[in-house]
Amino acid sequence: MSINPKTSAVDRTALSVAFTVGLYGAAFGAAGVTADFSVLQTCLLSLLLFSGASQFAVVGIMGAGGAAISAIATATLLGFRNALYGVQMAPILKVTGIKRILAAQITIDESTAVSTLQDNDVDRKRGFYLTGIGVYIFWNFFTFLGALGASKIGNPSVWGLDAAVPAAFCGLVWPRLKNKRQFIISGSAIGLALLLTPIAPAGVPIITTVLLAVIFGWKK
Amino acid sequence: MSPIWIAVIGASVTAFLNKYIGHSVPEKWLDRPKVKQINTLVPIVLLSALVGVQTFADKKELVVDQRLAGVGAALLALKFKAPFPVVVISAAITSAVVYQIF
């Protein structure tokens, strides 16, 4: 497979998503070490857990003196949406055995988002693998750098990284909003998630919005 | 084993199970019109919710800060059909500048 961002729109999207999100791995690396995780433990979370929000939850909870069980529970809840992404991707990828294990590991927000934006199965597959593998490489590389240089990176806000990630997700959701109804669905999801944020445990506000998908999907 | 190691390994195992279970749902369960309609909406609601939470949430509190300016810049760029890297970079620059000023 040759990757050519100049001629292929899928490649362009996949690589720019992978790099942007991967860069944020530096913030995770720094957060891990700041929360008293060793460089090895921090890097293992990126290699094995490989799901940004869950990783931040683990180091955040342990760093604040929480119990391992609550760190695991929160991370699991945050990662549950990856199960829904797997449901979306399986019929497109059609992989079994070891390939399914590898595909599962890179089933995250970004790979699914880039994939489901494409209009044919060849591009959907390409978008999934290129984004998933790309994020994996950049995320792990920058986690390692961030963990080593924790004190030098300091606050991600200084670099605008805290806005770059939601902006990347804006870029992934925007092309899906083609009519008024879809804008309403998107807006309701934002509203519901924010409404639940102060009262529900981390992860619950986001996953609860699936109810909106069920309601709106059922009605149509 | 220290609590940190338990958290690292435990959370990694459940994260993988989450991912793998989704890939293993029988295809015939999904091959219904209603389920398909719901399925196409799932990325819209989850990604929208992520945008909302990542823009306004500070742990369990809702705040308005430099991130909103950044995301605003991103939306403006999207409105003018800017390519993806431009969307992200304009958000980062705007957010960083607002952060420095205030």
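How many of the 10 residues of helix H2 of chain A are buried?

**View 1. Helix H2 (residues 25-34) of chain A is mostly covered.** This is a predicted model, and here 9 of the 10 residues of H2(A) are buried. Start at Gly25(A), Ala26(A) and Ala27(A), carry on through Phe28(A) and Gly29(A), and then pick out Ala30(A), Ala31(A), Gly32(A) and Val33(A): these are the buried residues of the helix. After H2(A) comes Asp36(A), with a positive phi near 75°.

**View 2. Phe50(A) sits in a loop between two helices of chain A.** Helix H3 (39-49) is on one side of the loop and helix H4 (52-63) on the other. Take a look at the backbone here: phi of Phe50(A) is near 45°, which is positive even though the residue isn't glycine. Is Phe50(A) buried or exposed? Phe50(A) has 25 other C-beta atoms within 10 Å, and 20 or more make a residue buried, so Phe50(A) is buried.

**View 3. Lys81(B) also sits in a loop, this time in chain B.** The loop joins helix H4 (66-79) to helix H5 (84-101) of chain B. Lys81(B) has a positive phi too, near 60°, and again this is a residue other than glycine. As for its surroundings, Lys81(B) has 9 other C-beta atoms within 10 Å. The cut-off for exposed is 12 or fewer, so Lys81(B) counts as exposed.

**View 4. Chain A and chain B meet through 80 residues of chain A and 61 residues of chain B.** On the chain A side, helix H5 (residues 68-93) chips in the most, with 18 residues. What is that side of chain A made of, in nonpolar, polar and charged residues? The split is 51 nonpolar, 23 polar and 6 charged.

**View 5. The largest nonpolar core holds 111 residues.** The members that touch the most other members are Val58(A), Ala71(A), Ala167(A), Val45(B) and Ala91(B). H5(A) supplies the largest share of the core, 14 residues. Both domain 1 (9-160) and domain 2 (177-220) of chain A put at least three residues into this core. Zoom in on Val45(B) and set aside its neighbours within four places in sequence: Val45(B) is then in contact with Ile185(A), Ala189(A), Thr209(A), Val210(A), Leu212(A) and Ala213(A).

**View 6. Domain 1 and domain 2 of chain A touch through 7 residues from each.** H5(A) turns up here as well: with 6 residues, H5(A) gives the most to the side of domain 1 that touches domain 2. That side of domain 1 breaks down into 5 nonpolar residues, 1 polar and 1 charged. Centre to centre, going by C-alpha atoms, the two domains of chain A are 22 Å apart.

**View 7. Chain B is built from 5 helices and 2 strands.** Follow the chain from the N terminus and the elements come in the order α-α-α-β-β-α-α. The radius of gyration of chain B is 19 Å, well over the 13 Å that the globule rule gives for 102 residues, so chain B is more spread out than a compact globule. Along the principal axes, the C-alpha atoms of chain B fill a box of roughly 50 × 50 × 25 Å. Of the 102 residues in chain B, 47% are buried.

Technical notes: Residues numbered from 1 in each chain as written. Chains lettered and ligands numbered in written order. Predicted model: local features only at pLDDT ≥ 70, side-chain atom pairs only at ≥ 80, totals over all residues. Contact = placed C-beta atoms within 7 Å. Helix = DSSP H or I, 4+ residues; strand = E, 2+ residues; numbered from the N terminus. Nonpolar A, V, L, I, M, F, W, Y, C, P; charged D, E, K, R; others polar. Core = buried A, V, L, I, M, F, W, Y, C linked by C-beta atoms within 7 Å. Domains from an automatic or database assignment. Rg over C-alpha atoms; globule rule 2.2 N^0.38 Å.
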